[in-house]
Amino acid sequence: MPAPRGSSILRLGPQETVKITVADAEGLTGTYLTDVDGKLELPLIGTVDALGNTPSDVARKIEDRLRGQFILDPRVQVIPEREIAATISIGGEVSRSGTLPAASSYTLLRALNNAGGFSRYAKRDEILVMRVVEGQEYIGVYSYKEISRGNAPDPAIFPGDIVMVGDSPARRQFEDILNYVGAISATLILVNRVDRSF
């Protein structure tokens, strides 16, 4: 999968304070707060959806809305007031799902280790990495066995990536069968003991 470039790793969320500068339009320049849905309310152009978008994506949206109607050739800059934490998200069949610092999870194996490894029913040959690069969504499928044996490289993980470990229905079914067989065996042993006591 392609690697993200520059500010594309920074994504805006709800209740995010941003400074928006519009060249040669001081009336539009100011500090704004995204609402709980990650939307910005701006003069002249109204609501702009910022949720999950990079600052440069939001700047392009504002430029497109201003162009022609209000400003001939708008130049917009969007700067988050505080630095957006560089994180990745990991879920599915791992011991501890959630958000991890990207600095300590820069490869897939490191991310899995930081999430406590696999849970009981993990499908280790079905690990998905989801990434958005310049508005395009990509999904990579990786096998832990291939990577850990050195047959495949340990892929780089970037801030904003989502890692999902699949579930193994076959492993669940096999364990259910073992539990069922174990329960029947225990019952037969108990019945056998009862019979011998008479």
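**Close-up views of a predicted model**

**Figure 1. Overall course of the chain.** The secondary structure of the chain comprises four helices and 10 strands. The model shown in every view is a predicted one. From the N terminus onward, the elements follow the order β-β-β-β-α-β-β-β-α-β-β-α-β-α. The chain has 198 residues, and 35% of them are buried. Of the contacts between residues at least 6 apart in sequence, 51% connect residues at least 24 apart.

**Figure 2. The largest nonpolar core.** In soluble globular proteins, nonpolar side chains tend to be buried together. The largest nonpolar core of this model contains 19 residues, among which I20 and I62 touch the most other members. At least two residues of this core come from each of β1 (17-22), β3 (39-42), α1 (55-66) and β5 (76-80). Helix α1 makes the greatest contribution, with four residues.

**Figure 3. Surroundings of I62.** Which residues are in contact with I62, once its neighbours within four places in sequence are left aside? They are I20, L42, I45, V48, V76 and V78. I62 and I20 are also the two residues that touch the most other members of the largest nonpolar core.

**Figure 4. A second nonpolar core.** Separate from the core around I20 and I62, another core is made up of 17 residues. Its members include V94, L108, L112 and V129.

**Figure 5. The largest cavity and its lining.** Rolling a probe the size of a water molecule over the atoms shows where empty space is left. The structure has one cavity of 30 Å³ or more, and the volume of the largest cavity is about 60 Å³. The lining of this cavity is formed by I20, V22, L28, Y32, L42, P43, I45, I62 and L66. Both β1 and α1 provide at least two of the lining residues. What is the chemical character of the lining: nonpolar, polar or charged? Nine of its residues are nonpolar, with no polar and no charged residues. Several lining residues, including I20, L42, I45 and I62, recur from the view of I62, where I20, L42 and I45 are listed among its contacts.

**Figure 6. Salt bridge between D57 and R60 in helix α1.** Five salt bridges are found in the whole structure, and the side chains of D57 and R60 form one at 2.6 Å, N to O. The two residues lie three residues apart in helix α1, so about one helical turn separates them. D57 has a relative accessibility of 18% and is therefore classed as buried, whereas R60, with a relative accessible area of 44%, is partly exposed.

**Figure 7. Salt bridge between R67 and D64.** The side chains of R67 and D64 are joined in a salt bridge, with an N to O distance of 3.0 Å. How accessible are the two partners, R67 at 37% and D64 at 53%? R67 is classed as partly exposed, and D64 as exposed. The cut-off for the exposed class is over 50%, with partly exposed residues lying between that value and the 20% limit for burial.

**Figure 8. Salt bridge between E126 and K123.** E126 is paired with K123 in a salt bridge in which the closest N and O atoms are 3.4 Å apart. E126 is partly exposed, having a relative accessibility of 33%. K123 is likewise partly exposed, at a relative accessible area of 29%.

How values were computed: Residues numbered from 1 in each chain as written. Predicted model: local features only at pLDDT ≥ 70, side-chain atom pairs only at ≥ 80, totals over all residues. Heavy atoms only, no water. Core = buried A, V, L, I, M, F, W, Y, C linked by side-chain atoms within 4.5 Å. Buried < 20%, exposed > 50% of the residue type's maximum accessible area, 1.4 Å probe, protein only. Contact = heavy atoms within 4.5 Å. Salt bridge = Lys/Arg side-chain N within 4 Å of Asp/Glu carboxyl O. 1 Å grid on protein atoms, 1.4 Å probe; cavity = no way out; pocket = protein on both sides within 12 Å on 5 of 7 lines; lining within 4 Å. Points joined across faces, edges and corners; volume = space filled by probe spheres on them. Nonpolar A, V, L, I, M, F, W, Y, C, P; charged D, E, K, R; others polar.
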